[in-house]
Amino acid sequence: MYSEIDVYPRPEHRTFLQTAFIVNCYTSDNAIFGRLDTMNMQNRSGKIILILGIFAGLVGITHLVSYASADYGMDSSSDLSTKIHIGKSDIGANSSSDANMSGQSGSNMHMSGKFDSSTNASVTKSQDESHENSHASANEYESHGHYKNEYDKVSASSDDEFTVQAQRHLYKPGDNVTVQGSLWSSLVASLGNVTTVSIQVKDNGGNVVYDGKGQIDANGQYSAEFQLPSDAKKGAYDVNANADVSADVLNTLALKTKDTLASSTKIVVVPPNAMSVQAEGHDFDVQVASNSTSVTNLNFDEQNKKLSFTVQGDDGTKGVTEVTIPKSLLSGDLTVMIDGQAMAQSDVVETASTDTDTTLELNYHHSTHQIDIVGTNAIPEFGTLASMALVVSVLTLVVLSSQIKRIHL
């Protein structure tokens, strides 16, 4: 006899059938446990693969979506709708044909020449030569970090005892205008107690849009700021500055000195046009304001990261164009070319740079020119390759997700 807990009898008491039953039980148990171990390992491996696959897919999709969203500027405030398609625009119409914006071209360039609706005199030979010289030496400007954000100030000297200039050459209705200048120290000494300069700005119809004063500091510098009306007329504006001298002092001055007590310059006021350019299936608005008779053929070359357009105006006149470029289209270090030659840095000013746009002001002598703006960063190629990667990521998620049921069976 043996106890109830003795499941299998001792060998000497087993019959043949009992021995066979015991062997079969051991074999079955091992097979079952082996299959269970295999299934558990497969389940664990499958779950690990599934988790890694889902994680990789999510990372890929998130990266692609954020990449496209960031570089295309797709946010709730974005407006990439077409405003004006490519073609001849009326930017600056009647502004170039009746204007002569002569001035110095170089480090001290300013808009100080005639800009009269009744006169269309050509620029002087010396000014043309100065402008050509600036382009002849343009190669030295091809590699640069960035353009200046304002023109160099014209300092008063024995040759120009009283200067006046605007911070920019072109303004839009509603813009703030800064007028600045200086008086030569010898002139200040001869004037005695002069402390202010009267500044008056008139539009092309002779209407006064600003009448104020600038305070002269110890260095003979002065400045004044005013805002253009939101409905300011398009065209050339006269900026006149006069040193405020009392009648008693004025009577003691020589005629030559009296002639130096006034100075003038010109600015252009032009409303902007929104011109549309397509890239990677999206419309981008490029804001352009110009006194040129026409601005046409706006085009973007994705491969060469180049924005191009054509400006045209009457020969012998000075042209100025302001262009605002979305950084989602073109950004980085920008180089401006005119007819294939890099423009001198003194002819280009970066008047504004925000998180979304870059604004450049370009100066040139009129005829017909092609302007190219080349950047170092352009709109990403979120095209066929990226779309395929996105589709593959989604399909991978679908396939992996379909394995969940099998893994749990």
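Begin by selecting T321 together with L362, and you will find that T321 stands opposite L362, a residue of strand β18. Keep in mind from this first stop onward that what you have open is a predicted model.

Now widen the selection to the two strands around that position, taking residues 318-326 for β13 and residues 357-365 for β18. Strand β13 pairs with β18 in the antiparallel sense, and nine bridges join them. Strands of a sheet pair through backbone hydrogen bonds, in either a parallel or an antiparallel way, and it helps to display the backbone here for that reason. How many of the nine residues of β18 are buried? Eight of them are, and strand β18 is accordingly described as mostly covered.

Keep β18 selected and add residues 348-353, which make up strand β17. These two strands run antiparallel and are joined by five bridges, and between β17 and β18 there are three residues, the two strands forming a hairpin. To find one position in this pairing, pick V349, whose bridge partner in β18 is E361.

Next, move to residues 282-290, which are strand β10, and pick out A289 within that strand. Is A289 buried or exposed? Its relative accessibility is 0%, and therefore A289 counts as buried. If you then add V270 and draw a distance between the two C-alpha atoms, you should find 5.9 Å, although A289 and V270 are 19 residues apart along the chain.

The following stop is an open sheet of three strands, arranged in the order β1-β3-β6 with antiparallel pairing. Select 162-166 for β1 and 221-227 for β6, which are the edge strands, each of them pairing on one side only. Neighbouring strands of this sheet are turned against each other by 15° on average, when direction is ignored. Adding residues 176-183 brings in strand β3, which pairs with β6 in the antiparallel sense over seven bridges. Within that pairing, G181 stands opposite Y222 of β6.

Stay with Y222, since its ring leads to the next feature, the aromatic pairs, of which the count comes to two. In one of them, the rings of F162 and Y222 have their centres 6.0 Å apart and their planes at 65°, so this pair is edge-to-face. F162 belongs to strand β1 and Y222 to strand β6, so the pair ties together parts that lie 60 residues apart in sequence. With a surface switched on, you may look for these two residues beneath it, as both F162 and Y222 are buried.

Then select Y210 and F226, which form an aromatic pair that is stacked, with 4.4 Å from centre to centre and 10° between the planes. Y210 sits in strand β5, residues 208-215, while F226 sits in strand β6, so this pair ties together parts that are 16 residues apart in sequence. Y210 and F226 are both buried as well.

Finally, clear the selection and look at the chain as a whole, which has seven helices and 20 strands. Of its 409 residues, 41% are buried. The accessible surface of the chain comes to about 21900 Å², and carbon and sulfur atoms account for 52% of that area. Among the contacts in the chain with a separation of 6 or more, 71% are between residues 24 or more positions apart.

Key. Residues are numbered from 1 along each chain as its sequence is written. This is a predicted model: local features need pLDDT of at least 70, side-chain atom pairs count only at pLDDT 80 or more; totals for chains, interfaces and linings use all residues. Side-chain values use heavy atoms; hydrogens and water are left out. Two strands pair if DSSP finds at least two bridges between them. Helices (H or I, at least four residues) and strands (E, at least two) are DSSP runs, numbered from the N terminus. Axes are lines fitted to C-alpha atoms, for helices over the stretch in contact, and angles run from 0 to 180 degrees between N-to-C directions. Buried means under 20% relative accessible area, exposed over 50%, partly exposed in between (1.4 Å probe, protein chains only). Contact means heavy atoms within 4.5 Å. Accessible areas come from the Shrake-Rupley method with a 1.4 Å probe; for residues, only the protein chains shown count as cover. Rings of Phe, Tyr and Trp (its six-membered ring) pair if their centres lie within 6.5 Å; planes under 30 degrees apart count as stacked, over 60 as edge-to-face and the rest as tilted.
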